[in-house]
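Colleague: I should like to understand how the terms used for this model are justified. Please set each value against its definition as we proceed.

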Amino acid sequence: MPMKNNYHTHTPRCKHASGTEFEYCEKAVENHYSILGFTDHCAWPYREGFVSTFHMDISQIDDYVSSVMAARQQYEGRLEVHLGWECEYYPEYMNWLRETKEKYGFEYFILGNHFDTTDDGGMYFGSCTTPEQFKKYVKMCTAGLETGLYKYFAHPDLFLRSCTTYDKPLRDASRELCRACKALGIPMEYNLLGYIIYKKESGEHLGYPCRAFWETAAEEGVDCIIGTDAHSPDRFDDQKSWDEAVVFLNSLGMNRLTRLDL
Ligand SMILES: [Zn+2]
Ligand SMILES: [Zn+2]
């Protein structure tokens with residue numbers, strides 16, 4: 001069985017995942033993964049009194065870093081473990097993020113741009129439905145990627161989630177986003193969590209990953225990478241979704257990365 005690498009893994013600190021670092025590593029080894037990157041939802045220095053529903057707290061950074069580093073040591077020679085975070089682009093906090101990366105020795109960040117400007121009142125980008133909102137998503141993601149802080153772009157097609165047709169405004173926005181990634185040399189992630197969620201929901205919404213979006217990405221020559229986005233260790237048992245993703249991306253003729261330079 002060919003080895004797999006996954007750079008998108010959560011831990012319970014984000015308040016909506018389960019399993020210890022050890023359990024994720026065990027399942028990864030059992031399922032022929034050779035690289036496992038932890039990228040839990042980052043902490044942010046929110047205003048006093050605000051507690052995010054899906055990010056770790058600043059007080060948990062030490063424990064997160066030491067737990068991942070302990071797993072890295074424990075699995076040396078069997079599984080390559082990396083320390084990362086999944087972060088939005090929140091302009092106000094970028095200096096803090098840069099400093100925190102240095103301070104704790106994070107190896108990489110991935111851009112998962114769930115909210116506009118902050119999740120303390122900002123719009124959820126997964127609820128976009130108007131051309132203005134699509135443009136805002138493209139603008140914020142592009143500005144984020146231009147900081148050079150992000151190694152890849154997680155679920156880039158999140159903004160299609162609540163749309164019903166891949167019409168011209170959506171196509172134009174998608175193309176602009178893909179062109180920005182291509183110009184910056186940033187790979188886009190084919191997100192396997194979205195794949196299993198939206199395959200089951202037979203509603204009228206596009207969900208993600210969206211076939212039409214990926215056809216645009218292929219036309220623009222963007223590099224891609226598969227991300228498991230595991231929120232529980234048993235996600236690594238799902239060989240079927242992984243294989244289907246590989247077949248689909250190959251059918252588009254896309255260049256699929258299996259390893260990141262960290
Ligand atoms: Zn995400
Ligand atoms: Zn994630």
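Modeller: Let us begin with the second largest pocket, which is lined by 13 residues; Tyr190, Tyr195, Lys199, Pro209 and Arg211 are those nearest its centre. This is a predicted model, in which local features need pLDDT of at least 70 and side-chain atom pairs count only at pLDDT 80 or more, while totals for chains, interfaces and linings use all residues. Residues are numbered from 1 along each chain as its sequence is written, chains are lettered from A and ligands numbered from 1 in the order in which they are written, and side-chain values use heavy atoms, with hydrogens and water left out.

Colleague: What makes a residue part of the lining of a pocket?

Modeller: A lining residue has an atom within 4 Å of a point of the pocket, which is an open set of points on a 1 Å grid over the protein atoms alone, with protein on both sides within 12 Å along at least five of seven lines (a cavity is instead a set where a 1.4 Å probe fits but cannot get out). Helix α6 gives the most to this lining, with four residues, and α6 and α8 each supply at least two; helices here are DSSP runs of H or I with at least four residues, strands are runs of E with at least two, and both are numbered from the N terminus.

Colleague: How is the lining of the second largest pocket divided by class?

Modeller: Eight of its residues are nonpolar, two polar and three charged. Ala, Val, Leu, Ile, Met, Phe, Trp, Tyr, Cys and Pro count as nonpolar, Asp, Glu, Lys and Arg as charged, and the others, Gly among them, as polar; Lys199 and Arg211, both nearest the centre, are therefore charged by this rule.

Colleague: Why is Arg235 called buried?

Modeller: Buried means under 20% relative accessible area, exposed over 50%, and partly exposed in between, with a 1.4 Å probe and protein chains only. Arg235 has 19% relative accessibility, so it counts as buried. This residue is found in the loop between β7 and α8.

Colleague: Which residues are in contact with Arg235, beyond its neighbours within four places in sequence?

Modeller: They are Ile196, Thr228, Ala230 and Ser241, where contact means heavy atoms within 4.5 Å.

Colleague: What makes a residue a donor of the zinc ion (ligand 2)?

Modeller: Donors are N, O and S atoms within 2.8 Å of the metal (3.2 Å for Na, K and Ca), and sites may look incomplete because water is not among the atoms. His8 (NE2), His10 (NE2), Glu86 (OE) and Asp229 (OD) lie 2.0 to 2.3 Å from this ion, and are its protein donors.

Colleague: Why is the site of the zinc ion (ligand 2) called irregular?

Modeller: Four donors count as tetrahedral if all angles lie between 85 and 135 degrees; four count as square planar and six as octahedral if opposite donors are over 155 degrees apart and all others between 65 and 115; anything else is irregular. The angles among its four donor atoms run from 79 to 168 degrees, and the site is irregular. His8 lies in the loop between β1 and α1 and Asp229 in the loop between β7 and α8, so the pair ties together parts 221 residues apart in sequence. His8 is buried, at 0%, as is Asp229, at 3%.

Colleague: What connects the two zinc ions?

Modeller: Glu86 coordinates both, and the ions are 3.5 Å apart. The zinc ion (ligand 1) has Glu86 (OE), His114 (NE2) and His155 (NE2) as protein donors, at 2.1 to 2.2 Å. Glu86 and His114 are both buried.
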